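Hi,

Here is the structure I promised to pass on to you. Have a look at it first, and then read my notes below.

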Amino acid sequence: MTPELVVFWLLSVLTVASAVMVVSTPHVVHAALWLVVTLGAVAGCFLVLTAEFVAWVQVLIYVGAVVVLLLFALMLTRSPASTTGATSRNRPVAAFAGFSTFGVLAVVLTSGFRGIVLDLDSQPDQLGGAAPPERIGDTRSVGEAIFTHWVLAFEVLSVILLAALIGAIVVSGRVRDRDRQEAAAGGGS
Amino acid sequence: MSETPATERAADLRAVTVGIGDGAAGFGHERGGGVDLATQDMVLNIGPQHPATHGVLRLRLTLDGERIVTCEPIVGYMHRGVEKLFEVRDYRQIIVLANRHDWLSAFGNELGVVMAVERMLGMEVPVRAIWIRTLLAELNRVLNHLMFMGSYPIELGAITPIFYAFRERETIQQVMEEVSGGRMHYMFNRVGGLKEDLPAGWLGRTSAAVAAVRSRLPQIEDLVFGNEIFRARTVGVGVLSPELIHAYGVSGPIARASGVDLDLRRDDPYLAYQELLDDGVLRIVTRSAGDCFARFDVLLEQVKVSLDVADACLTRLHELPQGPVNVRLPKILKAPEGSTYAWTENPLGINGYYLVSRGEKTPWRLKLRTASFNNISVLPQLLEGRVVADMVAILGSMFFVVGDVDK
Amino acid sequence: MNYPSVHLAAEPSLDAFGTDNGWVIALKALLVFVFLVVFTLFNIWFERRVVARMQHRIGPNVNGPFGLLQSLADGVKLALKEDIIPKSADKVVYVVAPALSVIPAFIAWAVIPLGPVVTIPFTDIRTPLQLTDLPVGVLYILAVTSIGVYGIVLAGWSSGSTYALLGSLRSSAQVISYEVAMGLSFVTVFMYAGTMSMSGIVEAQAQNVWFILPLLPSFVIYAISMVGETNRAPFDLAEAEGELVGGFHTEYSSLKFALFFLAEYINLVTVSALAATLFLGGWRAPYPLSLWDGANEGYWPVLWFVGKCLAFIFFFIWLRGTLPRMRYDQFMKLGWKVLIPVSLVWIFGVSIVRVIQNEGGVDQQTLLIIAGVIVALLLASAFIPEKKPADEPAEPAGDFDAFAGGYPVPPMPGQRLPDPVVTVPADASQDQPRSDARDLDAPTNEEQSRG
């Protein structure tokens, strides 16, 4: 076993363990913090797989922004210290949904990528005489992959995100309208 | 046995008081979009020990996020029962108590008391004393306003202007200290005049101090007034309508910034103000916007006017012949039976003393009407619906002294 | 962007990294750590002296030469203070938060280039003056500093205090918003440099001009957002002492507070170093000095680099000494409605220019003029006052209860005092009140008439 493999396994165990903590801890903010550990460990896995760009983007976006926003929302809404909020009666259903998603993803990924080996030591093509050796997982290769092979998926994702953005604006606007109406009604009575 | 319930209660307490639930626990206020998106209001205590409150004013704010839902000023942490104490002090001793409630305008406070007593006694004050009193009252006004011109930017986060303001304060405070011996509580007024005459050469030094302050005032002006962020923080923020001012009895620079043109120096002239007004030296500064910026602007203009008035007083004092500055008083000073109300335009607003005497050497009742109390009372009207950052801007622009609120 | 075909001798490229042996790495890491701590002590003194000078004061001048040891003394004092953990705090998070704040601040420096390839004295080992470099070095710094936000957010939340919570709420929103603007301002640098590695960007500026010249709008946006990112005045909303007492660190004391302090000053240096590296040519000597051949050799570049950082730090201090604090909503408006849109359009413009240049089309001058006009228009549009929201309908004047709030208040405009309620029996209502008044007044009147 190479050291890289050992690190990878350790990170994987950390990812899974902290993911379990995310869903099992009764404390909402602690759950969010465990989520940080999970996402950070996933970024570590990416690093071990030499996907530096993806790894740091993972940290930047998920750890640095998404979970911070999550914490922001948690703090703004109900008392975050209350332990009652996070428990749910739908645990079995949630467990079923989680495991089936995991199963589907695992099957898809293994069948899709089985047998593909990336040779990290070879230096595939030299773009021009003095170009730096292209590395697997660096910005250039990721960019090329996204804008050649995966361009449709990329565009679809963009549209979905745009739709979510507009949806968020609409939802928040509607709440404000209703508040105003309520205020007017409450003041009039 | 008795341990267990206590620890349980502590545990319960912890569960509800951590984080945003702090103080909001049990408040029961929920707003926002329905049950799932409900946010809890939280209660924030500004003060009694908070850098923005200059002492021990306490504001109990209910916040929805950063927005203030309700505001309740809680006063009285510095209540010293001064009105009751007045009743067991003779008229000479009262002055020392009376100059303390608004510690930034001690001279103006003394003035009201001695004027009330003089009026009851029907006493004529020597003309020289009148002019010296006017001069010192205006210098005291400059000191007071400079204090707020320095402290207000600090509340908005600018840390430098206060040092500029304090340099000017120091210049004037030196001449005040030279004449009275005090830097804050001058105790220079006496019933019937002043404690003693001016030191030799003091008039010249005061002229120099006034000129120095006037020449350096543009520095503060440039530092604060031209600032884009300062304007953004103050223009249109905390607009006080003339109706609210009438309803709450707000007075002083705050009222004049909203266009309520009331200044006792002109409307019920005392000391030498009538003459200064006729000479055109004393101008009443008003603004119509009524926002924080206008209030601050009035302060700056008043400093300039007060410096002009001080100069006019100095010229006049140069011309006046030497003469007495006080009246010889009997050993036991008794105000005749009756009552009077003496009000003056203190730097912060109307400062009034209602004196009721039963012919004894102490007053039967001396009611104190202070400017800051009324000015602070209007706060809830201004704060509701604003954000916390505006709270500081508005609170600072109400120019209050906690001692003046709590008496 | 074409890669230079010949590497300058002293110029570290990505290949120069990853070849150091163990003790060299350890030595470099230690030196970076020591440099940061000492530089922080210096910066605290520097800030106090400069602000003091701006305020007609002297500042610390007693301990050590020029008072330089003042911050050390303060640090020792801070360490000896009592460490308080509030009863209502979430203890684990409360203790972890300062570490979460300070560790990312240190490790961000792993990729900051302090100088060229040098020979370690007394050995013949040659190594770049940079701990390591990554192909995505700038992204690494962004990612690591974004972890530092957790320190602030969690500190505020775990303290169990409303001031701290408000501070951390403000801070989390602030840092996220300004990270977007900051990241966008880097994009044009990447386009010009053709790389995201820190050493690569320095090298690209050696081939070209400093990026501050062609990319001035990016630099301005970065300069604004770096102040927002570090929670410094006039954007120090998270610890606004006039409003939130101390903000997120209100409840902290002793070493934990010292760690926050340390993190703030290291972040200050980090963003300054980043600005120097991305826009001011990194460790390369500025113009008149660069005429001297030896200016970019050996250990001299460290001096230039520190000098550039100090210039930025002076800028930070100057801002603090001059400007009042912005209001939270104005600050967010500046971020989202001015900086980010302007960045996006600027990136768009720069990419068009780059494409046309690469295709070998129109000359650069016309393009720059067109781009300048567009940017000017955009900046002008940012200052057009927004449509004011319609005034909320005035509260209808309801029944007025003077004692509703627990203490008497006067009637508001539009409100009217209710008619006085008569509590005396109907038959006595004619005479009773008047006689009461007479009773009250009687002694005074009598005494007055006697006197």
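Which domains does the domain assignment of chain B give? There is domain 1, covering 3-74, and domain 2, made of 84-383 + 394-406. Please keep in mind that this is a predicted model. Where the two domains of chain B touch, nine residues come from domain 1 and nine residues from domain 2. On the domain 1 side, six of the residues are nonpolar, two are polar and one is charged.

Now for chain B as a whole. Its 407 residues form 17 helices and ten strands, and 49% of the residues are buried. Of the contacts with a separation of 6 or more, 68% link residues 24 or more positions apart.

My favourite part to browse is a sheet in chain B. This open sheet has three strands in the order E3-E4-E5, with antiparallel pairing. E3 and E5 (67-74) are at the edges with a single partner strand each, so one side of each has no neighbour in the sheet. From one strand to the next, the twist averages 20°.

You can follow the pairing strand by strand. E3(B) is joined to E4(B), residues 58-64, by five bridges, and Asn45(B) sits opposite Arg60(B) there. E4(B) and E5(B) pair over seven bridges, with Thr70(B) as the bridge partner of Thr62(B).

Finally, try tracing the side chains along E3(B), residues 42-46, which alternate. Met42(B), Leu44(B) and Ile46(B) point to one face and are buried, whereas Val43(B) and Asn45(B) point to the other face and are not buried.

Happy exploring!

How values were computed: Residues numbered from 1 in each chain as written. Chains lettered and ligands numbered in written order. Predicted model: local features only at pLDDT ≥ 70, side-chain atom pairs only at ≥ 80, totals over all residues. Buried ≥ 20, exposed ≤ 12 C-beta atoms within 10 Å, placed from the backbone. Helix = DSSP H or I, 4+ residues; strand = E, 2+ residues; numbered from the N terminus. Pairing = 2+ DSSP bridges. Domains from an automatic or database assignment. Contact = placed C-beta atoms within 7 Å. Nonpolar A, V, L, I, M, F, W, Y, C, P; charged D, E, K, R; others polar. Axes fitted to C-alpha atoms, helices over the stretch in contact; angles between N-to-C directions.
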